[in-house]
Amino acid sequence: MFVKLVKSGLYGLGIYTGYAFVSAIVLLHFNKPKNKEELDTKSLSSFYGKDENDGPDTAAFFDSQDMLLTLHLNLIESAKNSIKFANFSIEDGTVSDLFYGKLLEAADRGVNVNILFDGKGHNLVGISNGKYWALIAHPNIQLAFYEEFDWLRPWTWQNRMHDKFLIADDHSVLTGGVNLEDSFFVENHDDADYDRDVVIINNEPERFNESVLKQYTDYYDSLWYHPYTHVRPSYVLKRYEKLAKETRRSLLSILKEAEEKNDYGASTPIDWHKHMFPTRKVSLVTNPIQRWKKDPHILATLGRLFKEANDSIIFQSPYVVPSKDMQQYVALADTKAKVFIATNSLAASNNFFGVAGHRKYLKQLSRESAQIYHFQGEGYIHAKAYSIDSRLSLIGSFNFDPRSSFLSQENLVIIDSPKLTVALEDSIKDIARKSIPYNKDGDHLVHNTSKKAPVARYKKVISSIIYVIFYPFEDLV
């Protein structure tokens, strides 16, 4: 009898595995988004302003680890009415505790706090999770999850919310590639992730409709009220009321102690005006809220901007994987501008899928770009940014790969500000100096680059295996 039960269980597991594999992976190959002629995208002229100080928004980016947590805490502190927060991933650790504590503190002073996480990337899992109940218990906090895991519908598994942004009132927005994990914020972390956030401030409230804050607020609301999002009821089960109170006290105590010691810059004020650059115009581009393959609005916008660039395109992505589907919307060979790419090397990266995908197209990329820089330093480069003709800066959550192009919710902010863009280029050049150039006869963005770092043998083996196995599944990279 026992043997029969085991056989039946294995048979059922095999059927489910096949069902999941086909509906979550195989069918994606046959699903096609709109082609670039069918997409309703903005005209390129709409991304450009006229005069240097014409826009209502100012902007600044920050790329040093010791500042990134301070940015988040300062913006939460500045909120008087509302906080709208969306993020792909948060993990238990120092950052998680301080962040939740700061949101609870804001809610205590009357700020309405909306928290939206990707349904598969948060640390609020489990019926007895104290942080979950502490947030749910507060009358000024609403908690929601985008596309939660559903084992009966595997075709929903690939629909991830990869956005990372925080809106404070109608005044400020922070966005970029930063997940709420200690590796992004804590200096000298064993697995450091180096990233970049941009803060945009609307300095003219009467011009709110012209500000990118309006676009971010509308986008957030479209995510929050979409059927794919589940807003949790503000109701605490009686047996968890004590846990909610104890966790709330603990989080606020951790925050208070950190602020008293100014650990992680928890009580460091930021003089925003010291950092901000004027802008001509700031615009938001997002992927549409769809399952299966999304219509690639961000990718198509990049393709048109690349094609129209005159002098230079400098971009940075954790991995660069221009799949065959992506090349229908963007082609580096079509631009007359010189293309410079900064990305991770196998020595720096543990993302074997991204490295394998990049390896597949490396020779093509070397032909179509002026130079490719592979990062050799300590840690991992997680930032995503693009510079067009030293005028437009594009920063957000969008990786140059098929997953960001077609599967995930993403946002990319386009800033028309020559001064900011020159500073962004300098930031990417710093990464290039810690890299090695791939094209021996190519042009150089910087000189005095790094030496090649050794690659662990296990990395070579794993990346080679994944390169072979996942060669036909580039849709998922």
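Which residue takes a positive phi in the hairpin of β5 and β6? In this predicted model, the residue is D169, with phi near 55°, in a hairpin that has three residues between its strands. I shall begin there and then turn to the surrounding elements.

D169 lies in the loop between β5 and β6. Most residues other than glycine have a negative phi. D169 departs from that pattern, since its phi is positive and the residue is not a glycine. Buried means under 20% relative accessible area, so D169, at 13%, counts as buried.

A second residue deserves mention beside it. E147, also not a glycine, has a positive phi of about 50°. Its place is the loop between β4 and β5. E147 is buried as well, with a relative accessible area of 3%.

Let me now consider β5 itself, residues 164-168. Five of its five residues are buried, so the strand is largely enclosed by the rest of the structure. In a regular strand the side chains alternate between the two faces of the sheet. In β5 both faces are covered: K164, L166 and A168 are buried on one side, and F165 and I167 on the other.

Two strands pair with β5. With β2, residues 82-87, the pairing is antiparallel and extends over five bridges; here A86 has F165 as its bridge partner. With β6, residues 172-176, the pairing is again antiparallel, through four bridges, and L166 stands opposite L174.

I turn next to helix α4, residues 130-137. How many of its eight residues are buried? The count is seven, and the helix is thus described as mostly covered. The buried residues are G130, K131, Y132, W133, A134, L135 and I136. Their cover includes two helices, α3 (94-108) and α7 (241-261), together with the strands β3 (112-118) and β4 (141-146). At the start of the helix, a side-chain oxygen of N129 comes to within 3.1 Å of the backbone nitrogen of K131.

The nonpolar cores come next. In soluble globular proteins, nonpolar side chains tend to be buried together. The largest nonpolar core here has 51 residues, and those with the most contacts inside it are I83, F99, I115, F117 and W272. Helix α3 gives the most to this core, with eight residues. As for W272, once its neighbours within four places in sequence are set aside, its contacts are F62, L71, N74, L75, V199 and I201. There is also a second, separate core of 43 residues, including L116, V282, Y373 and L445.

Finally, I come to an open sheet of eight strands. What is the order of its strands? The order is β11-β18-β17-β16-β12-β13-β14-β19, and the pairing is mixed. At the edges stand β11 (281-286) and β19 (435-437), each with a single partner strand, so one side of each has no neighbour in the sheet. Neighbouring strands are turned by 15° against each other on average, direction ignored.

At one of those edges, β11 is joined to β18, residues 411-416, by six bridges, and the two run antiparallel. Within this pair, L284 has V413 in β18 as its bridge partner. Helix α6, residues 212-224, lies across β11 and β18 and runs at about 20° to β11.

To return to the opening question, the positive phi in the hairpin of β5 and β6 belongs to D169, and D169 is buried. Thank you for your attention.

Definitions and conventions. Residues numbered from 1 in each chain as written. Predicted model: local features only at pLDDT ≥ 70, side-chain atom pairs only at ≥ 80, totals over all residues. Heavy atoms only, no water. Buried < 20%, exposed > 50% of the residue type's maximum accessible area, 1.4 Å probe, protein only. Contact = heavy atoms within 4.5 Å. Polar contact = N/O pair within 3.5 Å; in protein donor to acceptor, adjacent residues only side chain to side chain. Core = buried A, V, L, I, M, F, W, Y, C linked by side-chain atoms within 4.5 Å. Pairing = 2+ DSSP bridges. Axes fitted to C-alpha atoms, helices over the stretch in contact; angles between N-to-C directions.
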